[in-house]
Amino acid sequence: MSVEQPLDNPAWPDVRRLVAIDAEGGVRPTGISSRSEAVVEPPIDTEGLLRRCMGNVDFAARVLRRFAGQFGGDVDQLRTSLNDTDAGAVARIAHRLKGTSANVSAVRLQAIAKEIEDLAAVEKLSQVSSRIDELLDAWSQLVASMAPSEGQSAFHQLRPNGK
Amino acid sequence: MVNSMQNLSHKTRVLVVDDDELSLEMLENTLLQGGYDVTVAHNGREAMEYVRTGQFHLVVSDWEMPEMSGLDLCRSIRERGRSRYIYVILLTSRAGTNNVVEGLSAGADEFLTKPFDPQELFVRLRVGERILSLESRDITIFTLAKLAESRDLETGTHLERMREYCRILSEQLAGKAKFKHEIDGEFIDLIYLTSPLHDIGKVGVPDRVLLKPGRLDDEEMAIIRQHAAIGGRTLDAAATVHPDADYLQMARDIAWFHHERFDGKGYPKGLSGEDIPLTARIVALADVYDALTMQRVYKPAFSHEASREIIIEGRGTQFDPDIVDAFLECEDRFVDVRQRLDSDESATTFATLCDEPVGSAS
Ligand SMILES: [Fe+2]
């Protein structure tokens, strides 16, 4: 399985996936009001991410792009360490990935990274490989959830530093 | 010099240390939004280089970093030990008492769980700032009080009694409707801390006058009276540069106006009534009571009863009538302090008239 790479698209992530205009014209994080109806947790807790970005949507998008830039490398390192059966290295990388996922409120990734860290801590490396697949799965969902939707280009041109 | 001091007091500097670029960027953004002056370091070694400049007193560091961990950084900071305190907040995803104990024994002051919450970060930093400001306040007051003491020719317990009298009067006044909004616990703490600085301006009075035995002539008296304005202006300069340091403003008011009289016949400005800051009105009575009840070369020690009569005589002329009333309500406590802190004043071999014989209109 390969790591999905969204950075080729300069419009990723679509900030409209982070905030929505509500009926009163106010801006609020997406995914919050819908949480009660949602069967699956959204890949990103947008409320948490935006709080940690002090409400700055453009900054949140930049942070997500930086996260996307690091993610592939982290997965490669995980695989290499797993091949070397270096449990210490697997735990260390998983711990780091857990931290960065938590920072961007990628809740699913954070949970899987924690599982990998815990498995490596007790040297159960045989179970790590399937978790890496889950990680990639969750990553693809995250990428898709932030993908620009139709008609985004005009919106992006309105933003002063839209990327 | 004033300019550089102003720069220092402008924004609070925070040093943020994290090996992860993403965390670093998010912390930096948060702190910039919070009005802090932020410097980032990517590892413990780089952080220590910043710490050694002596310009950072608030540090937010990741716990787990390659080479030098947050714990090692804490230990290195504490090993320096000789300069102003550095407040360290460790970011950690580790929960549990063992880790907290490990962090605390390495010298961390506070912990913040990852992922950080901006509001929680701000609260923790404010606690750190408060602790640092109290530290610098106490150092400043201690230094100034030592300086004041060096020119205080009474034995050392004069300043001790003075601050006790000021506290007692403030507590008594706090119970009155007229003053309860102005006098709270902080006011009482601050007047206790700053009242010993009332005569700090005596550092600017030449020895030939300050140390002269016996009576002073008019010119010498005029020189000695300058101590109020000298102390007031000096502390005012400091208070202007540090507008948030309320203790400096209080110390300034006390030093400048503790020889003013309620009827406007005091010095240096001839302020009257409630134009005289409340703190200075309180110190005025405390200072005079102590001068009266202690022996000086030019006068014997008056009894409490005799001193009390003189103070009552000054009600509304020399002293604020409300403060005289408060004094009469708690005079037993004055007597207690005097007995407890009545040092061997006969050790005083010379005295000046800087605390003039009271009751006399000066
Ligand atoms: Fe004085």
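Okay, quick definition before we start: when I say helix or strand, I mean a DSSP run, at least four residues of H or I for a helix and at least two of E for a strand, numbered from the N terminus. Counted that way, chain B comes to 15 helices and five strands. And keep in mind that this is a predicted model.

A bit of overview on chain B. It has 362 residues, and 51% of them count as buried. If you take contacts between residues at least 6 apart in sequence, 67% of those join residues at least 24 apart.

Now the metal. Which residues give the protein donors of the iron ion? We have B:Asp199 through OD, plus three histidines, B:His227, B:His258 and B:His259, each through NE2. The donors sit 2.1 to 2.4 Å from the iron. Along the sequence, the spacing of these donor residues reads D-x27-H-x30-H-H. Look at one pair here: B:Asp199 is in the loop between α8 and α9, while B:His258 is in the loop between α11 and α12, so the pair links distant parts of the chain, 59 residues apart. Are those two buried or exposed? B:Asp199 is buried, at 8% relative accessible area, and B:His258 is buried too, at 3%. Both count as buried because the cut-off is under 20%.

What about the geometry of the iron site? The angles among the four donor atoms run from 81 to 165°, and the site comes out as irregular. Four donors would need all angles between 85 and 135 degrees to be called tetrahedral.

Okay, next up, helix α14 of chain B, residues 321-329. Its buried residues are B:Pro321, B:Ile323, B:Val324, B:Ala326 and B:Phe327. What do they pack against? Four helices of chain B: α7, α12, α13 and α15. At the N-terminal end of α14, B:Asp320 acts as the cap, with a side-chain oxygen 2.9 Å from the backbone nitrogen of B:Asp322.

B:Asp320 turns up again in the last topic, cavities, as one of the residues lining the second largest cavity. Searching the whole structure gives three cavities of 30 Å³ or more. The second largest holds about 40 Å³ of space. Its lining also includes B:Phe257, B:Glu260, B:Arg261 and B:Phe262, along with B:Gln318 and B:Phe319. Which helix gives the most to that lining? That's α12 of chain B, with three residues.

That's the tour, happy to go back to any of it.

Note on methods. Residues numbered from 1 in each chain as written. Chains lettered and ligands numbered in written order. Predicted model: local features only at pLDDT ≥ 70, side-chain atom pairs only at ≥ 80, totals over all residues. Heavy atoms only, no water. Buried < 20%, exposed > 50% of the residue type's maximum accessible area, 1.4 Å probe, protein only. Contact = heavy atoms within 4.5 Å. Polar contact = N/O pair within 3.5 Å; in protein donor to acceptor, adjacent residues only side chain to side chain. Donors = N, O, S within 2.8 Å, 3.2 Å for Na, K, Ca; no water. Tetrahedral: all angles 85-135°; square planar, octahedral: opposite > 155°, others 65-115°. 1 Å grid on protein atoms, 1.4 Å probe; cavity = no way out; pocket = protein on both sides within 12 Å on 5 of 7 lines; lining within 4 Å. Points joined across faces, edges and corners; volume = space filled by probe spheres on them.
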